[in-house]
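Q: I am new to reading protein models, and I would like a close look at the aromatic rings in this one. Could you walk me through one group of them and then show me what lies around?

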Amino acid sequence: MKTTSLSLTFLALSLSANAFADPLVIAHRGASGYLPEHTLPAKSLAYAMKPDYIEQDVVMTKDDQLVVLHDHYLDRVTNVAERFPTRARADGRYYAIDFTLAEIKSLTVTEGFNIDKQGNKVAGFPERFPMWQSDFRVATFAEEIELIQGLNKTLGYDVGIYPEIKAPWFHRHEGKDISQAVLVTLKQYGYLSKDDKVYLQSFDTNELQRINNELMPAMQMDLKLVQLMAYTDWNETMTYQGDKATPYNYDWMFEDEGMEKVASYADGIGPWKPMLVDDASTKSNIMIKPLMKSAKDAGLDVHPYTFRADPGRIPAYADNFDGMLDVFYNQVKVDGLFTDFPDKAVNFLNR
């Protein structure tokens with residue numbers, strides 16, 4: 001009887017430890033609220049803010065190198081149009097896959113921008129780091145891993161990595177297996193199992209299933225996988241029949257059995273935050289959507305995106321950035337979240 005009682009006590013302690021694990025802070029594209037996204041300085045600054053994880057968006061070059069860029073094209077954050085004016089595709093975009101690593105390394109990186117009707121470059125977030133100031137470059141995936149692992153050694157923290165395989169459907173259509181290449185790099189740097197400080201994420205369901213069912217078993221790897229969630233009309237993921245691309249249909253994820261299906265190949269989800277909290281919520285009535293309960297019932301971690309402190313980015317149901325964090329950390333009870341301002345989230349949790 002005593003043995004059984006002890007066993008039950010240890011089981012209860014184990015379950016409670018999991019249930020009340022500290023929520024995570026994930027530095028979205030680094031400290032991208034303060035420095036140009038995905039640059040090594042933005043990652044260094046993020047590291048100093050002591051998040052749990054730092055995110056890397058990974059795309060492939062013409063010569064099969066992996067670089068860290070949010071988009072699989074270059075023209076939103078670099079001077080590629082000035083350096084290589086004849087290299088755009090028919091849609092006017094400059095795709096990373098059409099450039100060698102050496103060519104990409106020759107580009108200057110700045111704050112993300114849009115082109116207005118007069119042809120001027122206008123910063124997406126005008127209050128952030130000034131455009132075209134200082135000298136920022138595109139980093140390789142390996143360079144960033146080495147930076148974070150090196151800082152873990154010298155500073156003694158244990159900051160993890162959170163890579164996203166960008167548009168694997170596009171890369172495969174172009175003849176490149178980016179998922180295999182990302183796994184090879186992760187294995188090379190010692191990321192092998194769910195115990196290692198890494199989450200691997202993608203919006204591409206078919207590719208995540210392939211990673212889980214084929215690629216990782218063949219490579220004797222078993223990493224934590226996260227299904228990023230979109231709405232179908234975002235055209236975030238495409239599927240090809242020959243050269244005809246149609247949007248992947250995400251609707252099934254929001255149906256009754258959706259999260260159980262996700263749990264068959266992934267360890268967590270990365271939803272857009274309005275998928276968890278209705279935008280019609282008020283300060284006195286936070287309306288939490290069914291997705292949260294469905295995900296937790298299926299045993300999934302929930303890491304929503306993206307929490308920004310910029311003007312116009314605080315929903316009506318919160319007074320300020322801290323109020324928004326309070327809703328998600330303390331009411332929705334997410335397991336972690338992506339933010340451009342990791343210091344603010346770390347400070348909130350420390351308080």
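A: Here is a walk from the whole chain to one set of rings, and then on to a few other places worth a look.

Keep in mind from the start that this is a predicted model. The protein chain has twelve helices and 13 strands. With 351 residues, a compact globule would have a radius of gyration near 20 Å, and the 21 Å of this chain agrees with that. Along its principal axes, the C-alpha trace spans about 80 × 50 × 45 Å. Half-and-half is a handy way to remember the burial here: 50% of the 351 residues count as buried. If you look at contacts between residues with a separation of 6 or more, 69% of them join residues 24 or more positions apart.

Now to the rings. The structure holds 22 aromatic pairs. One of them is formed by Tyr231 and Trp234, an edge-to-face pair with 5.5 Å from centre to centre and 85° between the planes. A pair of aromatic rings is described by just these two things, the distance of the centres and the angle of the planes.

Stay with Trp234 for a moment, as Trp272 pairs with it too. The ring centres of Trp234 and Trp272 are 5.3 Å apart and their planes stand at 75°, so this pair is edge-to-face. Where do the two residues sit in the chain? Trp234 is in the loop between strand S8 (224-228) and strand S9 (238-241), while Trp272 is in the loop between strand S11 (268-270) and helix H10 (290-297), so their pairing ties together parts that are 38 residues apart in sequence.

Are these rings hidden or open? Tyr231 is partly exposed, with a relative accessible area of 27%. Trp234 is partly exposed as well, at 33%, and Trp272 is also partly exposed, at 31%. The word "partly" fits because each value falls between the 20% limit for buried and the 50% limit for exposed.

Another spot to find is an aromatic cluster made up of Tyr73, Tyr95, Trp169, Phe170 and Tyr240.

Next, follow the chain past H10. Gly299 lies in the loop between H10 and strand S12 (301-302), and at 59% relative accessibility it counts as exposed. Gly299 and Gly268 are 31 residues apart in sequence, yet their C-alpha atoms are 8.1 Å apart in space.

A little further along, Thr306 sits in the loop between S12 and helix H11 (321-332). Thr306 has 8% relative accessibility and counts as buried. What touches Thr306, leaving aside its neighbours within four places in sequence? The answer is His28, Lys273, Phe338 and Asp340.

For a last stop, turn to helix H7, which covers residues 178-188. Its buried residues are Ile178, Ser179, Ala181, Val182, Leu183, Thr185 and Leu186. Just after H7 comes Gly190, which takes a positive phi of about 90°.

Terms used:
Residues numbered from 1 in each chain as written. Predicted model: local features only at pLDDT ≥ 70, side-chain atom pairs only at ≥ 80, totals over all residues. Heavy atoms only, no water. Helix = DSSP H or I, 4+ residues; strand = E, 2+ residues; numbered from the N terminus. Rg over C-alpha atoms; globule rule 2.2 N^0.38 Å. Buried < 20%, exposed > 50% of the residue type's maximum accessible area, 1.4 Å probe, protein only. Contact = heavy atoms within 4.5 Å. Phe/Tyr/Trp six-rings, centres within 6.5 Å; stacked < 30°, edge-to-face > 60°.
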